[in-house]
Amino acid sequence: MTITHSTDAINKKEWSDLALASPFSSAFQTPEGHSLYASCAEFSPFFTAVVGDDNHLKGVVSGAVHHNGPFPFSLLTRRAIVFGGPLLAPDITDDELFELLNATTLFLRRKAIYLEYRFTEDYTRFNNVFRRAGITVIPVLDAIIDTSSHEVICKNIQKRKRRQVRAALRNDIEIVDTPTKEEIAAFYPRLRRLHWKASFKPIPTLDYFLKLADSPIGVISILKHNGKPIAFNASIVLSERKLYHIYSIGEDKRNKELAPSSVALYTLLHSAADHHIPICDLLGAGIPSKPYGVRDFKIRMGATILDYQRARKLFCPLVFHVASLLFHKYE
């Protein structure tokens, strides 16, 4: 087998084909997903691929080292994130996966505080391989919503939440499906402030959201009331298979009767159904043993909670734990 860290060393069509055919596909592991992170200065993309003895691509790890803020704050936020988990061929062997994981770890050990695989599919059958590679599997939940039809979406939303959304929609709410760069830039300070207040975690710079809007896999929408923005959605799409809801925030306290966060998600779900995308992945739903208000909200909106887990390798344990204290639940 052969290991490479260069995207130029593999067949791009084979990579794209694998991203569509693999049971472990995600939008983050596609060539377009890699290009998105490569286009943003705040991210340092990384790539590892394993090619089998039969000269076919068997696995890909595509991710980015994220950092936020100026020095020295950036030192506490250097995390290597693999969204979606490795992209794997159905016939990949345990040894091929081990070499893929081990090569990725060695490549990143001096570049980040930690490496984390954030699974959006069920990788539990490979838990032993991750552990063999010195990577700890941790319990973290995921939330998905069935968007196969408008009827299914409405049926799965809890009745009280459904009444709240329908009442809010009777107001003058405008859905901007393709906001301009100026509209995104105007809302960004509020997005950053609300996200920090809600989670005490940094978000990417404005440049990331502008690049996401231009990306073929990016979807951004803004909700307005009487011409004023009240909510924001950012998502990534995997062909017609899955929508990944990555950032969402609403001015809920200022506009309680409009339920901005609920309406924003409700309209996004129906947009997925309009485009024949059968699943919306709301991503993280917290640790099973800990109460998590966001998870409760997602359940009320019709989400099914799954234990997809995560896998983490610490490179600088002391710095990681300091950052965890600063940011509560460090992500």
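A cavity is a set of grid points where a 1.4 Å probe fits but cannot get out. The model described here is a predicted one, and by this rule it has one cavity of 30 Å³ or more. About 60 Å³ of space lies in the largest cavity.

**The cavity and helix α2**

The lining of the largest cavity consists of Phe-28, Gly-33, His-34, Tyr-37, Ser-62, Gly-63, Ala-64, His-66, Ile-81 and Phe-83. Two or more of its residues come from each of the elements α2, β3 and β4. Strand β3 gives the most to this lining, with four residues.

Helix α2 spans residues 31-38, and its buried residues are Pro-31, Gly-33, His-34, Leu-36 and Tyr-37. Gly-33, His-34 and Tyr-37 are also among the residues that line the largest cavity. An α-helix has 3.6 residues a turn, so residues three or four places apart point the same way. The cover over the buried residues of α2 includes α1 (12-21), β2 (43-51), β3 (57-66), β4 (79-84), α8 and β11.

**The seven-stranded sheet**

An open sheet is built from seven strands in the order β9-β10-β11-β12-β13-β8-β14, and its pairing is mixed. At its edges are β9 (173-176) and β14 (304-306), each of which pairs on one side only. On average, neighbouring strands of the sheet are turned by 30° against each other, direction ignored.

Strand β11 pairs with β10 and with β12. The table sets out these two pairings.

| Strand pair | Sense | Bridges | Residues in the turn | Positive phi in the turn |
|---|---|---|---|---|
| β10 and β11 | antiparallel | eight | two | Asn-226, about 55° |
| β11 and β12 | antiparallel | eight | three | Ser-239, near 45° |

Particular residues can be matched across these strands. Ile-222 stands opposite Phe-232 in β11, and Phe-232 in turn stands opposite Ile-249 in β12. Ser-235 stands opposite His-245 in β12.

Why is β11 described as largely enclosed by the rest of the structure? Ten of the eleven residues of β11 are buried, so the strand is largely enclosed. Helix α8 (residues 206-214) lies across β10 (218-225), β11 and β12, and runs at about 60° to β11.

**Two nonpolar cores**

In soluble globular proteins, nonpolar side chains tend to be buried together. The largest nonpolar core in this model has 30 residues, and those touching the most other members are Leu-223, Leu-243, Val-263, Leu-265, Tyr-266, Leu-269 and Leu-282. Two or more core residues come from each of β8 (142-146), α5 (150-156), α6 (159-169), β11 (228-238), α9 (260-274) and β13 (279-284). Helix α9 contributes the largest share, eight residues.

A second core is separate from this one; it has 29 residues, including Ile-184, Tyr-188, Leu-191 and Leu-283.

Leu-282 belongs to the largest core. Which residues does Leu-282 contact once its neighbours within four places in sequence are left aside? They are Asp-142, Ala-143, Ile-145, His-245, Leu-265, Lys-298 and Ala-303. One of these, Leu-265, is also listed among the core members that touch the most others.

**The second largest pocket**

The second largest pocket holds about 390 Å³ of space. It is lined by 19 residues, and Asp-177, Val-219, Ile-220, Ser-221 and Ser-271 lie nearest its centre. Both β10 and α9 supply at least two residues of this lining. Which element gives the most to the lining of this pocket? It is α9, with five residues. Helix α9 also gives the largest share of the largest nonpolar core.

**Strand β15**

Arg-312 is found in strand β15, which covers residues 310-314. Leaving aside neighbours within four places in sequence, Arg-312 is in contact with Tyr-114, Leu-115, Glu-116, Ile-135, Thr-136, Ile-138 and Phe-320. Leu-325 comes 13 residues away from Arg-312 along the chain, and the C-alpha atoms of these two residues are separated by 18 Å.

Definitions and conventions
Residues are numbered from 1 along each chain as its sequence is written. This is a predicted model: local features need pLDDT of at least 70, side-chain atom pairs count only at pLDDT 80 or more; totals for chains, interfaces and linings use all residues. Side-chain values use heavy atoms; hydrogens and water are left out. A nonpolar core is a set of buried Ala, Val, Leu, Ile, Met, Phe, Trp, Tyr and Cys residues joined through side-chain atoms within 4.5 Å. Buried means under 20% relative accessible area, exposed over 50%, partly exposed in between (1.4 Å probe, protein chains only). Contact means heavy atoms within 4.5 Å. Two strands pair if DSSP finds at least two bridges between them. Axes are lines fitted to C-alpha atoms, for helices over the stretch in contact, and angles run from 0 to 180 degrees between N-to-C directions. On a 1 Å grid over the protein atoms alone, a cavity is a set of points where a 1.4 Å probe fits but cannot get out, and a pocket is an open set with protein on both sides within 12 Å along at least five of seven lines; lining residues have an atom within 4 Å of a point. Grid points are joined across faces, edges and corners, and a volume is the space filled by probe spheres set on the points.
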